[in-house]
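Colleague: I have a few questions about this model while we look at it together. Could you take me through your reasoning step by step?

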Amino acid sequence: MSKGTEVRSFEDVLDLLFGNLLSTQQKPVAFEVKVPRKLIEEIMYAEADEDNGDSIEATNDFETARQEILDMATDEEIWALDTLDTFVHSPKVSLPYDQGSLTARLEHAEWNTNEYRRSLIETLATFEADIAYYAYFKGAGPIYQDELDNCLDDISASLEDIVYAASKLKLFFQIETAMFNRDTAEKEFTDSDVELEILKQLLADLCSLREDD
């Protein structure tokens, strides 16, 4: 998944869900920070004086801690993070409902609601907030090892929630795709059946004309 301001589409999500994007040599870590930096700074330095540079230090500590967590994450967890991030930032494009378009059917799927997307954003935000707390206690010194352990437990739980949510999203897509393929196959069968009957009738009419001669 690349960084930038490009518009992400449902095709991007399909590629991520069904494509083999995970390298066996190096795990991708392109998952972007989506929680507002101001929130991260407030979590880490609630009473910091912005004039003394603590705000910048907080952000740097967060980035370092975040990279540390991503380096420890499994391929499945990285995939799940990227999947949810790509989906919640793939805007709907107001396509008209079209049974013959998988993209349109995905956009109009019953589960693809603003409320569902919001719940996924909250899941990702919880992960980011857990890292911010971890970064704060890590920067405060070794005497907070118990707090660090608790933060790591929270981060682990957040990643489990993210993997669950991404796996559920993948199944939503797979079910919608399977129904689309089924409906497409049924339509093709019906069209072929109609075409066959027409051809049979043309053959019968032709033979009838020859017999009349």
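Colleague: Is Arg66 buried or exposed?

Modeller: Keep in mind that this is a predicted model, so the values are computed from it. A residue counts as buried when its relative accessible area is under 20%. Arg66 has 4% relative accessibility, so Arg66 is buried.

Colleague: Which residue forms a salt bridge with the side chain of Arg66?

Modeller: Good one to ask next! The nitrogen-to-oxygen distance in this pair is 2.9 Å, and a salt bridge needs such atoms within 4 Å. The partner of Arg66 is Glu128.

Colleague: How many residues apart are Glu128 and Arg66 along the chain?

Modeller: Let's place each of them. Glu128 sits in helix H6, which covers residues 114-140, while Arg66 belongs to helix H3, residues 54-72. The pair therefore links distant parts of the chain, with a separation of 62 residues.

Colleague: And what is the relative accessible area of Glu128?

Modeller: Glu128 is classed as buried, and Arg66, its salt-bridge partner, is buried as well. For Glu128 the relative accessible area is 2%.

Colleague: Let's move to helix H7. By about how much of the helix are Asp191 and Lys187 separated?

Modeller: These two form a salt bridge, with their closest N and O atoms 2.9 Å apart. They are four residues apart in helix H7, so the separation is about one helical turn.

Colleague: Which of Asp191 and Lys187 is exposed, and which is partly exposed?

Modeller: Exposed means over 50% relative accessible area. Asp191 has 39% relative accessibility, so Asp191 is partly exposed. Lys187 has a relative accessible area of 52%, so Lys187 is exposed.

Colleague: Which residues are joined into one network by salt bridges that share partners?

Modeller: One pair here is Asp183 and Arg182, whose closest N and O atoms are 3.0 Å apart. Asp183 is partly exposed at 22% relative accessibility, and Arg182 is partly exposed at 45%. The network joined by shared partners consists of Arg105, Arg182 and Asp183.

Colleague: How many salt bridges does the structure hold?

Modeller: We have met several, including Glu128 with Arg66 and Asp191 with Lys187. The total for the structure is five.

Colleague: Last one: which residues does Phe172 touch, not counting those up to four places away in sequence?

Modeller: Phe172 lies in helix H7, which spans residues 145-212. Its C-alpha atom is 9.1 Å from that of Asn112, a residue 60 places away along the chain. The residues touched by Phe172 are Trp111 and Tyr116.

Methods
Residues are numbered from 1 along each chain as its sequence is written. This is a predicted model: local features need pLDDT of at least 70, side-chain atom pairs count only at pLDDT 80 or more; totals for chains, interfaces and linings use all residues. Side-chain values use heavy atoms; hydrogens and water are left out. Helices (H or I, at least four residues) and strands (E, at least two) are DSSP runs, numbered from the N terminus. Contact means heavy atoms within 4.5 Å. Buried means under 20% relative accessible area, exposed over 50%, partly exposed in between (1.4 Å probe, protein chains only).
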